[in-house]
Amino acid sequence: MTDVFGPSHQDAGPSIGQARHEQVVFCADDRSGLRAIIAIYNTALGPGLGGTRFYPYEDEQTALADVLNLSRAMAYKNALAGLDLGGGKAVIIGDPAKDKSEALLRAYGRFIQSLGGRYFTACDVGTYSEDMDIIARETPYVTGRTPAHGGAGDSSILTAYGVFQGMRASAEHVYGSPTLRGRRVGVEGVGKVGYRLVDHLLADGAEVVICDVSAEAVERVRKVHPEVEVVADAAAMKRADIDVYAPCALGGALDDAAVAGLHAKIVCGGANNQLAHPGVEKQLAERGILYAPDYVVNSGGVIQVADEIEGFNMERARAKATQIFDTTLKIFTIAEEEGVPPAAAADRLAERRMSEVGRLRGIWLGR
Ligand SMILES: NC(=O)c1ccc[n+]([C@@H]2O[C@H](COP(=O)([O-])OP(=O)(O)OC[C@H]3O[C@@H](n4cnc5c(N)ncnc54)[C@H](O)[C@@H]3O)[C@@H](O)[C@H]2O)c1
């Protein structure tokens, strides 16, 4: 097994080589207990931007595999979001509840600084805006800071808004009209993103069905919107008589069995990695269910935090997130024209932008 932080670290190669990442940096600081990996997939469009995941990985190999996958995914997400940013991501190995400290976060900040702006960080699982404020005491290459520090704050605001735009585009494609009015939409998971999505849907005139493993989360919605219907759990949601299914909880919501029982004609939600395996998309297509690729419609969050790089302005960020509507429609059109599923069409569009815009760096600008 690779042991990059131990005495011998000669064997970190194969997975990095296969994934074709531009740069992977291992960072260790014994006194604070920091063990982190920063991965930059590419910088074709600009510096890599992606969050820092603080997670008690079983071992370094698992952490490495995760950061390689996540940084690659960010390159595609940022490209399709129309940002001048490449793909990057970082992981800190440890239990955030026990291991997070000022010294550890600042040590991590110094490693980000050492990359000279090739990588910008943000929040992810296990890290919060307050942590970004601490990291920012060592480096300016930080987004997702608190509003008190000029940051964008809670990124779920534009994540939910972007998912709603993607859903409007899906409705346009399937029903010929960009509205959810009169449609039944099932929102699975009403945490930060799902809760806000319900607001958008009700304002648009949709009927909303929700579920959540947390009774508190369900109650929070019901208190403000008593008209919302509640189903028992995620399994019931997938069998429910709904037009649109919006996974907004954890990844892997759609597996073979779930697709077979789905009534919805559209899948469009905020959760990352909704498909349990790549074959699921084909099954959705065979059943005539339109899938709005997750990383396209949930990019409002990264759009929100990326705006901090210019000095945060919510209206400018919202205007950019509104473009998720057009991007989603464009992906459906390419999918039809090129006879591929929407996720493959999204990948092609992202690769085109990385290649066409990225190549301009080759134009000599003089001295
Ligand atoms: N917050 C963002 O800006 C953002 C951006 C992009 C993607 N996402 C993704 O969107 C999803 C939701 O993010 P969030 O910030 O709202 O997280 P969150 O933790 O606030 O909410 C998730 C909700 O899902 C519920 N849940 C968990 N398992 C469930 C299950 N089996 N059935 C039903 N409900 C379940 C939880 O109780 C919680 O209320 C995640 O997959 C996240 O990676 C979030």
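Here are a few questions and answers about a predicted model.

Reader: Is Lys89 buried or exposed?
Author: Let's start with where it sits: Lys89 is part of strand β5, residues 86-93. Counting around it gives 29 other C-beta atoms within 10 Å. The cut-off for the top class is 20 or more, so Lys89 is buried.

Reader: Which annotation from UniProt covers Lys89?
Author: Leaving aside neighbours within four places in sequence, Lys89 touches residues including Ala39, Gly50 and Met74. As for the record, the UniProt entry is an unreviewed one, and its annotation covering Lys89 reads "active site".

Reader: And Ala232, is that buried or exposed?
Author: Ala232 lies in the loop between β9 (229-230) and α9 (234-239). Around Ala232 there are just 9 other C-beta atoms within 10 Å. With 12 or fewer, a residue falls in the bottom class, so Ala232 is exposed.

Reader: Are α6 and α15 parallel or oblique to each other?
Author: Helix α6 covers residues 156-175, helix α15 covers 324-338, and their axes are 8 Å apart. They pack at an angle of about 40°. Angles under 35 degrees would count as roughly parallel, and this one doesn't qualify, so α6 and α15 are oblique.

Reader: How many charged residues are in the contact of α6 with α15?
Author: On the α6 side, the contact includes Arg168 and Glu172, while α15 brings Ile324, Phe325, Thr328, Leu329 and Phe332. By class, five residues are nonpolar and six are polar, and the number of charged ones is two.

Technical notes:
Residues numbered from 1 in each chain as written. Predicted model: local features only at pLDDT ≥ 70, side-chain atom pairs only at ≥ 80, totals over all residues. Axes fitted to C-alpha atoms, helices over the stretch in contact; angles between N-to-C directions. Helix = DSSP H or I, 4+ residues; strand = E, 2+ residues; numbered from the N terminus. Parallel < 35°, antiparallel > 145°, perpendicular 65-115°, else oblique. Contact = placed C-beta atoms within 7 Å. Nonpolar A, V, L, I, M, F, W, Y, C, P; charged D, E, K, R; others polar. UniProt positions renumbered as here; feature names shortened; annotations may be inferred.
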